[in-house]
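Here are my comments on the model you sent over. Have it open while you read, and try finding each spot for yourself.

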Amino acid sequence: MRPAAFITGITGMVVVVGLLMAGEARLGGGTAGEETASAEETATAAADSAPDAGEDATMSDDRAEMIAGSTEPAVPPSPAPGDGVTSKPADLPQQAETAAGQTASPAAKKATELARPMVDNAGMLSFGERRLQLASIVPTPVDRICGPAARQWPCGMMAKTALRLLLRNRSVSCDLETVEWKETVTTACRLGTEDLGAWLAENGWAEAAVGSPLTAAAEKARQAGKGLYGEDPRRH
């Protein structure tokens, strides 16, 4: 083999190997640069997101809400009307019942103070032109007479006097829908905590109305000979 040809072949191989090594070094350097740039960007982003050293350790509600919203999974939106979702069957009757109750409920009565009532009889009060009958009892007429023929006494007038002495021109509290009633209204009234109708029934100065919750109290007073069922108190 000729020496010139041999030298030419060796030189060519050296050139090829040099080109291959140069290309590999160039490719490796680009990758390393990219990795370095990526690391720098990551570090920069982390530094930007971290709080400054001088920033208060506490966090505002708005910021906390933003962070929680970005980390928590999104909640599916509530279905809008018309999306095929209907109310539970149990909900509809309840709503209808509530609406019906509001419509059908009468005006609520409230305790109203009425000043200086006049006593018409044991069971009937008057406030100017307005009259009020105490609930659960039968008013005792002023002209009622009690006792046997030989010992009759004006129990109606005495019953009225007993109620007048109890009230002594003081204000009473009555359950009313309005203070502007007309003619006669029937309701419960109290002097302090004392129910006037119950007081009259318990002391025998008025009879209980039919079906009244005061029936037992009135019967007890009758058996004990109180009020209308006793003797003339003027004789004692």
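The points below go from the whole chain down to single residues.

1. First, a word on what you are looking at: this is a predicted model. The chain holds 6 helices and 10 strands. Of its 236 residues, 21% are buried. The chain exposes about 17000 Å², and carbon and sulfur atoms supply 57% of that area. If you take the contacts with a separation of 6 or more, 59% of them link residues 24 or more positions apart.

2. Now the disulfides. The count comes to 2. Number the bonded cysteines in sequence order and the pairing reads 1-2, 3-4.

3. Start with the link of cysteine 146 and cysteine 155, where the sulfur atoms are 1.9 Å apart. The link is right-handed, with 70° about the S-S bond. Are these two cysteines buried or exposed? Cysteine 146 has a relative accessible area of 6%, which is under the 20% cut-off, so it counts as buried. Cysteine 155 is buried too, at 0%.

4. The other disulfide joins cysteine 174 to cysteine 189, with 2.0 Å from S to S. This link is right-handed as well, with 110° about the S-S bond. Cysteine 174 sits in strand 6 (residues 172–176) and cysteine 189 in strand 8 (residues 189–191), so the disulfide ties together parts that are 15 residues apart in sequence. Cysteine 174 is buried at 0% relative accessibility, and cysteine 189 is buried at 1%.

5. Stay with those two strands for a moment. Strand 6 and strand 8 pair in the antiparallel sense over 2 bridges. Which residue of strand 8 is the bridge partner of cysteine 174? It is cysteine 189, and a disulfide joins these two cysteines as well.

6. Zoom out and you find strands 6 and 8 inside an open sheet of 4 strands, in the order 1-6-8-9, with antiparallel pairing. Strand 1 (110–114) and strand 9 (194–195) stand at the edges with a single partner strand each, so one side of each has no neighbour in the sheet. As background, strands of a sheet pair through backbone hydrogen bonds, either parallel or antiparallel.

7. Next, look at strand 3 (residues 124–127), which is covered on both faces. Met124 and Ser126 are buried on one side, and Leu125 and Phe127 are buried on the other.

8. Strand 3 also has pairing partners. With strand 2 (residues 118–121) the pairing is antiparallel over 3 bridges, and asparagine 121 has methionine 124 as its bridge partner. With strand 4 (residues 130–134) the pairing is antiparallel over 4 bridges, and serine 126 stands opposite arginine 131.

9. Don't skip the turns. The hairpin of strand 2 and strand 3 has 2 residues between the strands, and glycine 123 takes a positive phi near 140° there. The hairpin of strand 3 and strand 4 has 2 residues between the strands too, and here glycine 128 takes a positive phi near 70°.

10. What about the inside? In soluble globular proteins, nonpolar side chains tend to be buried together. In this model the largest nonpolar core has 32 residues, and Leu132, Leu196 and Leu200 touch the most other members. Strand 3, strand 4, helix 4 (155–167), strand 6, strand 8 and helix 5 (196–202) each supply at least two residues of this core. Helix 4 gives the largest share, 6 residues.

11. Click on leucine 196 to see some of this packing. Leaving out residues up to four places away in sequence, leucine 196 touches Leu125, Leu134, Leu166, Leu167, Val172, Cys189, Arg190 and Leu191. Cys189 in that list belongs to the disulfide with cysteine 174.

12. Last stop: threonine 140, in the loop between strand 5 (137–138) and helix 4. Why does this residue count as buried? Because its relative accessibility is 2%, and buried means under 20%. A polar atom of its side chain lies 2.7 Å from the backbone oxygen of tryptophan 205. Not counting neighbours within four places in sequence, threonine 140 is in contact with residues including Asn121, Gly156, Trp205 and Leu228. Asn121 is the residue from point 8, whose bridge partner is methionine 124.

Terms used
Residues numbered from 1 in each chain as written. Predicted model: local features only at pLDDT ≥ 70, side-chain atom pairs only at ≥ 80, totals over all residues. Heavy atoms only, no water. Disulfide = S-S within 2.5 Å. Buried < 20%, exposed > 50% of the residue type's maximum accessible area, 1.4 Å probe, protein only. Pairing = 2+ DSSP bridges. Core = buried A, V, L, I, M, F, W, Y, C linked by side-chain atoms within 4.5 Å. Contact = heavy atoms within 4.5 Å. Polar contact = N/O pair within 3.5 Å; in protein donor to acceptor, adjacent residues only side chain to side chain. Areas by Shrake-Rupley, 256 points an atom, 1.4 Å probe, with all protein chains shown as cover.
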